[in-house]
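Reader: I would like to learn how to read a single-chain model step by step, beginning with the overall layout and ending with individual side chains. Could we go through one together?

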Amino acid sequence: MCFCRRCSALPPTYVDRALQGTSTFMYGCTTNGSDDVVVQKLTDYMDVAVSEYLSNGNPESCCEKLESILSQEAPTTVKLQPLHYLSLKAYTVLTSAYKVRGYQLLLALDPNSNVHQVESFKMNRISAAYSLLLAGSTQHLFLSESSLIASLANYWTSAGETLEGLVRSSVSNSSGEWASRKLCTCLLLGSFDANLISGKAQIAEFEEISRGFLTCISVILPRVWDFLIHGCAYLEIIEQPVAFSGSKGSTSYRYEQENRSQTMSDLFQLSAHCLIYGRYLSNICFGGTSAGLSWNS
């Protein structure tokens with residue numbers, strides 16, 4: 001057991017409470033609490049699922065097992081909260097596993113049918129949603145724990161890259177209409193680029209830039225979140241990943257063909273924001289100039 005000042009602090013910090021947050025269900029009631037024995041069982045169950053995925057390369061089984069833990073379908077009395085450290089671990093693995101499922105479906109593509117292509121796109125959608133959920137969860141914790149900045153930079157960059165790949169896979173003529181679009185009309189992105197080019201990202205500007213970034217994606221995300229999570233039972237009860245106002249009721253989403261262009265445009269803008277903010281955070285952490293954005297290339 002660790003007896004450092006932080007681990008011995010009473011009451012625990014907000015981040016420490018959030019990372020261990022569970023709900024225990026008894027007799028139809030829900031009470032906040034922590035059951036170390038059950039959480040350890042969930043940890044072991046998750047470790048086995050991940051180990052099997054890495055050894056036998058079956059991402060579908062891994063997704064089912066991890067989502068059963070997150071949805072409390074596994075035989076326990078504990079439901080993990082979205083910010084619990086096991087939930088964050090699951091989001092990381094699920095982002096990868098769904099992406100692998102999408103890739104495998106493309107490899108098995110039947111030239112006489114688009115079934116695999118449609119299903120592959122669905123897997124990539126859900127992968128992007130989990131990537132955003134991981135980044136949004138970490139952003140929420142980062143507001144109270146600045147040491148998470150390096151991880152946060154990686155997660156936002158990864159989310160942006162996943163969204164970028166999703167848009168590119170959906171747009172057949174990527175060298176035409178989409179290549180001609182500007183990254184965003186948002187003035188905040190110009191502020192990011194100015195700081196990155198000059199190398200003068202000042203602490204005094206950090207909160208303003210981060211607040212502006214969250215404001216931007218809080219506007220864009222509601223327009224695409226239901227699209228991204230459609231078909232994933234666990235994600236469909238999760239609020240937008242930067243809101244954290246609790247679970248929501250079931251939703252019914254229908255992807256209208258006439259909205260396709262606007263949806264892809266919104267995803268494009270969201271991708272640009274995530275990539276540039278991740279690059280901005282990386283510049284603060286490591287200095288120098290991060291790799292350029294592929295949308296510019």
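Reader: How many helices and strands does the chain have?

Author: Bear in mind that this is a predicted model. The chain has 10 helices and three strands, and when these elements are read along the sequence they follow the pattern α-β-β-α-α-β-α-α-α-α-α-α-α.

Reader: What share of the 297 residues is buried, and what share of the contacts with a separation of 6 or more joins residues 24 or more positions apart?

Author: Buried residues amount to 44% of the 297 in the chain. Of the contacts with a separation of 6 or more, 71% are between residues that stand 24 or more positions apart.

Reader: What pLDDT does the chain average, and what part of the residues scores at least 70?

Author: The average is 77, and 66% of the residues score at least 70. Over residues 249-253 the pLDDT is below 50, and this stretch has seven contacts in the model beyond near neighbours in sequence. Residues 178-182 also have a pLDDT under 50, with 12 contacts beyond four places in sequence.

Reader: Turning to aromatic side chains, how many aromatic pairs does a search of the whole structure find?

Author: The search finds eight aromatic pairs. To classify a pair one looks at the distance between the ring centres and at the angle between the planes, with planes under 30 degrees apart counting as stacked. For Phe206 and Tyr280 the centres are 6.2 Å apart and the planes lie at 10 degrees, so this pair is stacked. Phe206 belongs to helix 9 and Tyr280 to helix 10, and the pair thereby links distant parts of the chain, 74 residues apart.

Reader: Are these two residues buried or exposed?

Author: The cut-off for buried is a relative accessible area under 20%. Phe206, with a relative accessible area of 18%, is buried, and Tyr280, with a value of 0%, is buried as well. Both residues are also part of one aromatic cluster, formed by Phe142, Trp156, Phe206, Phe213, Tyr277 and Tyr280.

Reader: Finally, for a charged side chain such as Glu236, where does the residue lie, and which side chain of opposite charge is nearest?

Author: Glu236 lies in the loop between helix 9 (203-229) and helix 10 (260-286). Glu236 is buried yet has no salt bridge, and the nearest side chain of opposite charge, that of Arg125, is 7.4 Å away. A polar atom of the Glu236 side chain does, however, lie 2.9 Å from the backbone nitrogen of Gly231.

Notes: Residues numbered from 1 in each chain as written. Predicted model: local features only at pLDDT ≥ 70, side-chain atom pairs only at ≥ 80, totals over all residues. Heavy atoms only, no water. pLDDT = per-residue confidence, 0-100. Contact = heavy atoms within 4.5 Å. Helix = DSSP H or I, 4+ residues; strand = E, 2+ residues; numbered from the N terminus. Buried < 20%, exposed > 50% of the residue type's maximum accessible area, 1.4 Å probe, protein only. Lys, Arg positive; Asp, Glu negative; His and termini not counted. Salt bridge = Lys/Arg side-chain N within 4 Å of Asp/Glu carboxyl O. Polar contact = N/O pair within 3.5 Å; in protein donor to acceptor, adjacent residues only side chain to side chain. Phe/Tyr/Trp six-rings, centres within 6.5 Å; stacked < 30°, edge-to-face > 60°.
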